[in-house]
Amino acid sequence: LRFARPLDVPLKDAEWAKAAQTSTLYRHAKEQGWEEVSVDCKTHKDDASYVFPTDGTTALHLAVMSRVGYSFKSEEKSKHPAPLSLVEELLQVYPDAAKVPCQVNTYTPLAYACLVSGPECCLEDTDEMVRLFLQYCPESTSVYTSGGLSAVDVHIVSFSQVMAGRTDKRMRLSGRTSTVVLRTLLEHDPKLANVRISNDKLGGAIEILYRCNSQAFMKMVAEYETKRWQHNRIMTTSDTEDKNKRVLAKISNWWVWQWTVLVLKYGTLPNKKKGARFFALQAASGVVGCPLPILTLAMAAFPNQIKEVDEMHGTDGNLPLHEVCSWPQQSAAEDPVIATRKGMAIAALVQRYPNAAFVCNSRGESPLDLALSTGTKWDGGIRKLVRTYPASASIRSWATGLYPFMTAAAVAASADNASDLVLPSSKESLMTHLKNEAKRDLQTVRTIYGLLRADPDVMLPTDEEESDNDDDSLSDISHDNPFNNDG
């Protein structure tokens, strides 16, 4: 996710001459003659749609890049930034230029507008420019780079790089928080906060935030867990509690955590029930593949929410443990990150609040039911749930009437049938496919065996089943009796 600085792209004389003849507006923009560009917007409006063949840029690209301090020629980096009014003129003349990706890194003008080039960057100015893009080309936020990055992702990556290791330098915020641009983008398109699967890899704003600041997340979690361990171990009074409060205050004031909470909040907006308050821990638990440090900090900042029912999604009645157990694992064979994180999240939530394993939601589903129905394996969280609540291995599902080991077998069979519908074409891919199938089958056997070992009596027929079997046997004897004269 390291941001690649635009390369110096040499212009061939023939191409430059062709560009000069084709688009006067583009030539003036390349020369940073912004007054001439403003005139061209009135006299040569069609030139605003011109795309230079060497690097795929438009005049709007060049104007925006001059404002954020990036250019294909380093000597032109900050000499003559285009005025904000000119960016608006170019958008008025040809709004679709906001959706054109350049060839160097497939960034659109909006993506360049979201870049944070250094601590001297004014986020207020960036916010004004981004708002112009959203006004004249609202759909520009739906265009992603070839690497699957959205405008929000580009903003997160560049801001994280600027802030990495900077404890004494602050952005120029004019009294507003660092989330000013992020909030503007998410208010316009809340879907930008959602998890995405790109090229069989987990992506999205939360994932980008974590990857760009993973070391800082680990350090913050370690600091909090150390203070919590000291409090539980030593059982001292106000001194340890004060230290713990200081850690929590530090988490709340940390810019990465503020961004994380904001992304979580907007990620729940599409499903928000009117009047319901925001639950940060439930929102984090509902993010498929949410990194464990984010869940840990959410439990630290909002400790009571681990016992509270989510009000954001109506009447589901889910605790955070139910949300995590509901994470789908269809792509686990291609990207095992989701399955690994799911097991870690289940263990962390159960350790903090074991009673959650006993609770059923409003549909009568226990955490074990949800985990099995989504293909969770024995070592991926089922073992932890069963050991916390051993009796759950012998409780039939309220929805299906199946014992847990039956659910595990049925889900595995359904997944096998689905995978058999599409077979890889190459021999190497076929061998990999077969190895993955064998691995999944082994994991399924381990899951079924573990559930049966927890309570072998589920294999024994109940009194009702024995009675039914006896009735069926009598019926078969009566039907086969040669001395039966009926009919």
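Is leucine 430 buried, partly exposed or exposed, and what is its relative accessibility? Leucine 430 comes out at 31% relative accessibility, so it counts as partly exposed; here buried means under 20% relative accessible area, exposed over 50%, and partly exposed in between, with a 1.4 Å probe and protein chains only. Before going on, a word on the ground rules: this is a predicted model, in which local features need pLDDT of at least 70 and side-chain atom pairs count only at pLDDT 80 or more, while totals for chains, interfaces and linings use all residues. Residues are numbered from 1 along each chain as its sequence is written, and side-chain values use heavy atoms, with hydrogens and water left out.

Let's start with the overall picture. The protein chain has 22 helices and 2 strands; these are DSSP runs numbered from the N terminus, with helices being H or I over at least four residues and strands E over at least two. Of the 487 residues in the chain, 45% are buried. Contacts, meaning heavy atoms within 4.5 Å, reach far along the sequence: among those with a separation of 6 or more, 73% join residues 24 or more positions apart. The accessible surface is about 24,800 Å², and carbon and sulfur atoms hold 52% of that; the areas come from the Shrake-Rupley method with a 1.4 Å probe, and for residues only the protein chains shown count as cover.

Back to leucine 430, which sits in helix α21 (residues 427-454). Together with Met431 and Leu434 it makes a nonpolar surface patch with about 250 Å² of accessible area. Patches take residues with over 30% relative accessible area and no salt bridge, joining like charges within 9 Å and nonpolar side chains (Val, Leu, Ile, Met, Phe, Trp, Tyr) within 5 Å. As background, an α-helix has 3.6 residues a turn, so residues three or four places apart point the same way.

Stay on α21 and move along to threonine 444, which lies in that helix too. At 11% relative accessibility, threonine 444 counts as buried. Leaving aside residues up to four places away in sequence, threonine 444 touches Lys377, Ala408 and Ala412.

Those names come up again when you look for empty space. Rolling a probe the size of a water molecule over the atoms shows where empty space is left. The search gives 5 cavities of 30 Å³ or more. A cavity is a set of points, on a 1 Å grid over the protein atoms alone, where a 1.4 Å probe fits but cannot get out, and lining residues have an atom within 4 Å of a point. Grid points are joined across faces, edges and corners, and the volume is the space filled by probe spheres set on the points. The second largest cavity has a volume of about 60 Å³, and its lining includes Lys377, Ala408, Ala412 and Thr444. The elements that give two or more residues to this lining are α20 (404-420) and α21, with α20 giving the most, at 3 residues.

Now for helix α9 (residues 180-188), where Val180, Val181, Leu182, Thr184, Leu185 and Leu186 are buried. Their cover includes α7 (123-136), α8 (151-163) and α13. Just past α13 (255-267), in the loop that runs to α14 (280-285), is proline 270. Proline 270 counts as exposed, at 54% relative accessibility. Its C-alpha atom is separated by 8.2 Å from that of lysine 191, 79 residues apart along the chain.

Finally, the charges. Side chains of opposite charge can pair when their charged atoms come close. The whole structure has 16 salt bridges, each being a side-chain nitrogen of Lys or Arg within 4 Å of a carboxyl oxygen of Asp or Glu. In one of them, glutamate 139 pairs with lysine 99, with the closest N and O atoms 3.5 Å apart. Glutamate 139 is in the loop between α7 and α8 and lysine 99 in the loop between α5 (84-93) and α6 (109-113), so this pair ties together parts 40 residues apart in sequence. Asp96 joins Lys99 and Glu139 in a network of salt bridges.

Another salt bridge joins glutamate 223 to lysine 250, at 3.2 Å between the closest N and O atoms. This pair links helix α11 (residues 214-234), which holds glutamate 223, with helix α12 (residues 238-253), which holds lysine 250.

Definitions and conventions. 1 Å grid on protein atoms, 1.4 Å probe; cavity = no way out; pocket = protein on both sides within 12 Å on 5 of 7 lines; lining within 4 Å.
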